[in-house]
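Trainee: I should like to go through this structure with you. May we begin with the terms and then take the strands, one residue and the pockets in turn?

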Amino acid sequence: MKLAFGGDPNASELKEILKAKAEELGHEVHDLGSDDPIYANVAIDVAKAVAAKEYDRGILVCGTGIGVGIAANKVEGAYCAMIHDVYQAERAVLSNNANMISMGSQVIGTKLAEKLLEEYLKYEFDPNSRSKEKIDAICSFEAGDEK
């Protein structure tokens, strides 16, 4: 899988650890930065690239994982789930078809972050699942087809 990574300076160490883990798992890694203290800039860059299908998925990190996730979700076609446990990592894909995840370097440890990344990357969304109708509703609203 082709992955885009980004974050802010608070989480640059975690980003490097996660990139190494992704490479160890056999994924193609691209670093879109973590030097900008305005985390929204990098998060939006990653989200735009993922939404444009330049990358299969995006991985964002900041102090809490909240800010980068909020910023990414402002980009049409970017679906970022903030995760902090293994079940969320699984369900981000299987129930929500999230093409991005965010994590916080100040709220989870590096070993857990590596495990969450591994879990997230091992799943693919099943378009025939019972979650498809729910995902379609989100995409429909995003496209302006309000009920």
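Mentor: Let us fix one term beforehand: a residue is called buried when its relative accessible area is under 20%. Please keep in mind as well that this is a predicted model.

Trainee: With that in hand, how many residues of strand S3 are buried?

Mentor: Strand S3 covers residues 57-62, and 6 of its 6 residues are buried, so by the cut-off of under 20% the strand is mostly covered.

Trainee: Which residues point one way from S3, and which the other way?

Mentor: Arg 57, Ile 59 and Val 61 point one way, while Gly 58, Leu 60 and Cys 62 point the other way. Residues of both groups are buried.

Trainee: Which sense, parallel or antiparallel, describes the pairing of S3 with strand S1?

Mentor: S1, residues 2-7, runs parallel to S3, and 5 bridges join the two. Within that pairing, Gly 7 has Val 61 as its bridge partner in S3.

Trainee: And how many bridges pair S3 with strand S5?

Mentor: S3 and S5, residues 100-104, pair over 5 bridges in the parallel sense. Val 61 appears here too, standing opposite Met 103 in S5.

Trainee: Changing topic: where is Ala 22 found?

Mentor: Ala 22 belongs to helix H1, which comprises residues 12-24.

Trainee: Why does Ala 22 count as buried?

Mentor: Ala 22 counts as buried because its relative accessibility is 0%.

Trainee: Which residues is Ala 22 in contact with, leaving aside neighbours within four places in sequence?

Mentor: On that basis, Ala 22 contacts Leu 3, Phe 5, His 27, Val 29 and Leu 117. As for Val 42, 20 residues apart from Ala 22 along the chain, the C-alpha atoms of the two are separated by 19 Å.

Trainee: Now the pockets. How much space lies in the largest pocket?

Mentor: The largest pocket holds about 270 Å³ of space. Its lining has 14 residues, of which Lys 53, Asp 56, Arg 57, Asn 97 and Asn 99 are the closest to the centre. By class, that lining comprises 7 nonpolar, 3 polar and 4 charged residues.

Trainee: What about the second largest pocket, and how does its lining divide by class?

Mentor: The second largest pocket contains about 180 Å³ of space. Its lining divides into 7 nonpolar and 3 polar residues, with no charged ones.

Trainee: Which element gives the most to that lining?

Mentor: Helix H6 gives the most to the lining of the second largest pocket, with 3 residues. The residues lining this pocket include Asn 73, Tyr 79, Asn 97 and Ile 138.

Technical notes. Residues are numbered from 1 along each chain as its sequence is written. This is a predicted model: local features need pLDDT of at least 70, side-chain atom pairs count only at pLDDT 80 or more; totals for chains, interfaces and linings use all residues. Side-chain values use heavy atoms; hydrogens and water are left out. Helices (H or I, at least four residues) and strands (E, at least two) are DSSP runs, numbered from the N terminus. Buried means under 20% relative accessible area, exposed over 50%, partly exposed in between (1.4 Å probe, protein chains only). Contact means heavy atoms within 4.5 Å. On a 1 Å grid over the protein atoms alone, a cavity is a set of points where a 1.4 Å probe fits but cannot get out, and a pocket is an open set with protein on both sides within 12 Å along at least five of seven lines; lining residues have an atom within 4 Å of a point. Grid points are joined across faces, edges and corners, and a volume is the space filled by probe spheres set on the points. Ala, Val, Leu, Ile, Met, Phe, Trp, Tyr, Cys and Pro count as nonpolar, Asp, Glu, Lys and Arg as charged, and the others, Gly among them, as polar. Two strands pair if DSSP finds at least two bridges between them.
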